[in-house]
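User: I would like to learn how to read a model of this kind, feature by feature. Could you take me through it as a tutorial?

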Amino acid sequence: MDVGTAPKKVKIATATLGGCFGCHMSLLDIDERLLELVQLVEFDRSPITDIKHCGPCDIGLIEGALCNAENVHVLREFRANCKFLVAVGACAINGGLPAQRNRFDVGDILQKVYSDTPDGRSRVPNDPELPLLLDKVYPIHDVVRIDYFIPGCPPSGDALWKFLNDLIGGRTPRLDYPQFHFD
Amino acid sequence: MTELANVFNLDGARIPFEPGQTILTAALAAGVYIPHLCAHPDFPPHGSCKLCTVTVNGRDGPACTINALPGQDVRSDSPELNEIRRVLLQMLFVEGNHFCPGCEKSGACKLQALAYDLEMLSPHFVQFFPNRKVDASHPDFLLDFNRCIMCELCVRASRDVDGKNVFALAGRSRDSHIIVNSPSGRLGDSTLSIDDKAAHVCPVGAILRKEVGFVTPIGERLYDHEPISQVDLAEEAK
């Protein structure tokens, strides 16, 4: 067996917290460059692999904001396991769309959404399996240390490609002007 | 005694100026961009956003209010000053509700464009998520207090150009906010009209023209391809 010739692959884990999977769509949007990417990396926990828990990884990509207790749990698991943790997209960086609920009381929102039924009965979900909503939606850097940020809603496939290439290649990741956007 | 030439030094370049010009106007006229937000070529300087902070003979100050003087040594494009500017932008972003993906001004917003140009990757600070109102009472304009950065350009335009005093700043510190001069306090009951300078001067998405939202497609907006340092330089140097 030829040991030691194949370069060690970089391990990447990805997760969506309170997000729309748009950033993951952008990752797929690097198109045929995915084939190049899989030569360099292997995926740990990710919607792509369906692995449920994150093991020791080199890079963790987090999409979405912190909306409930499970989001916080997943984020902490990523921080504990990833050498570099990256906030991907507007929601992870500043709360984004989910944070538009922050002007309202979370209790009022639940009442409004689930109590306004034709028969007037409240059906606010209370199954113990359901993670509790946080009082507000938080950007992920409010809870754990974040090493890099990739802005955009979503960041383009080109932006993610540039970022991953820079980071895996040992350079300081830097987006070019056309890739740098908040929307 | 010989008189000194009307030239100052900006990051090593010689910038000529007319007496009475500020460092910012002289630099822009000479084709050198200094980041700025509340300064506008049509109005007297306001000096509130502090983004144009430069180091003049070793002391920091806003380039929009400091008069150019012969022989000044001015530093602007340094990593230290750009870091200060980024922090100022971050504070502006967390203070309001600047949700770019849902804003009609996105792509043509000076606050956003400066954040791009200065590579502000995250808001860094804890978001205030203030609870601010939207005033949609005017037939032609939407007033969204969530995005106001208190630059007072609308105040200055309405007072100095339109002669109407439609806008003013009220409250202090965190409670500062724009108020509208009308019996009800609503924009719809004010004298603001579509031809007013004040209606078109907002650098962010706080005063938005109705019915034209998202009319410019992504890819064709003001700051989509070139950074504000190039776009506005060409614009303001005219």
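Analyst: What follows goes from one chain as a whole to the contact between chains, then to domains, strands and backbone angles. Please keep in mind throughout that this is a predicted model.

User: How many helices and strands does chain A have, and in which order do they run?

Analyst: The general idea is to list the elements before looking at how they pack. Chain A has six helices and seven strands, and from the N terminus on they run β-α-α-β-β-β-α-β-α-α-β-β-α. The C-alpha atoms of this chain fill a box of roughly 70 × 40 × 30 Å along the principal axes. Of the 183 residues in chain A, 37% are buried, and among its contacts with a separation of 6 or more, 77% join residues 24 or more positions apart.

User: How many residues does each chain bring to the contact between A and B?

Analyst: Here one counts each side separately and then looks at its composition. Chain A contributes 23 residues and chain B contributes 16 residues. On the side of chain A, helix H4 (residues 90-94) gives the most, with three residues, and that side as a whole divides into 13 nonpolar, six polar and four charged residues.

User: How is chain B divided into domains, and how far apart are their centres?

Analyst: One starts with the bounds, then turns to the distance and the contact. Chain B is divided into domain 1 (7-77) and domain 2 (84-211), and 25 Å separate their centres, taken over C-alpha atoms. Eleven residues of domain 1 are in contact with 14 residues of domain 2, and the side of domain 1 that touches domain 2 consists of six nonpolar, four polar and one charged residue.

User: Which residues touch the most other members of the largest nonpolar core, and why does that core lie between the two domains of chain B?

Analyst: For a core, it helps to ask who its best-connected members are and where they come from. The largest nonpolar core has 104 residues, of which Ile62(A), Ala65(A), Phe78(A), Ala87(A), Leu24(B), Ala27(B) and Leu114(B) touch the most other members. The core lies between domain 1 and domain 2 of chain B because both of these domains give residues to it. Ala87(A) can serve as an example: leaving aside neighbours within four places in sequence, Ala87(A) is in contact with residues including Ile62(A), Phe149(A) and, from the other chain, Ser122(B).

User: In which order do the strands S6, S7 and S10 of chain B form their sheet, and which of them are the edge strands?

Analyst: The order of strands is read from their pairings, and an edge strand is recognised by pairing on one side only. In chain B the three strands form an open sheet in the order S6-S7-S10, with antiparallel pairing, and the edge strands are S6 (134-135) and S10. Strand S7 (residues 141-144) pairs with S10(B) over three bridges, and Phe141(B) stands opposite Arg209(B) in S10(B).

User: Along strand S9 of chain B, which side chains are buried and which are not?

Analyst: In reading such a strand, one follows the side chains from face to face. Along S9 (residues 177-180), Ile178(B) and Val180(B) point to one face and are buried, whereas His177(B) and Ile179(B) point to the other and are not. S9(B) pairs with S8(B) in the antiparallel sense over four bridges, with Phe167(B) opposite Val180(B). Their hairpin has six residues between the strands, and in this hairpin Gly171(B) takes a positive phi near 80 degrees.

User: What does helix H4 of chain B pack against, and what is found just after it?

Analyst: A helix is best read from its buried residues outward. In H4 (residues 153-161) of chain B these are Leu153(B), Cys154(B), Val155(B), Arg156(B), Ala157(B) and Ser158(B), and they pack against strands S8 (167-170) and S10 (207-209) of the chain. Just after H4(B), Gly163(B) takes a positive phi of about 65 degrees.

User: Which residues other than glycine have a positive phi, and where is there a cis peptide bond?

Analyst: For backbone angles, one notes the value and then the place. Among them is Asn57(B), with phi near 50 degrees, in the loop between strands S3 (53-56) and S4 (59-62) of chain B. Glu119(B) has phi near 55 degrees and lies in the loop between helix H3 (110-117) and S6 of chain B. Asn57(B) is partly exposed, with 13 other C-beta atoms within 10 Å, and Glu119(B) is also partly exposed, with 13 such atoms within 10 Å. The peptide bond from Cys153(A) to Pro154(A) is cis, with omega near -5 degrees, and Pro154(A) is found in the loop between strand S7 (148-150) and helix H6 (157-168) of chain A.

Methods
Residues are numbered from 1 along each chain as its sequence is written. Chains are lettered from A and ligands numbered from 1 in the order in which they are written. Two residues are in contact if their C-beta atoms, placed from the backbone, lie within 7 Å. Helices (H or I, at least four residues) and strands (E, at least two) are DSSP runs, numbered from the N terminus. Ala, Val, Leu, Ile, Met, Phe, Trp, Tyr, Cys and Pro count as nonpolar, Asp, Glu, Lys and Arg as charged, and the others, Gly among them, as polar. A residue is buried if 20 or more other C-beta atoms lie within 10 Å of its own, exposed if 12 or fewer, and partly exposed in between; C-beta atoms are placed from the backbone. Two strands pair if DSSP finds at least two bridges between them. Domain bounds come from an automatic or database domain assignment. A nonpolar core is a set of buried Ala, Val, Leu, Ile, Met, Phe, Trp, Tyr and Cys residues joined through C-beta atoms within 7 Å.
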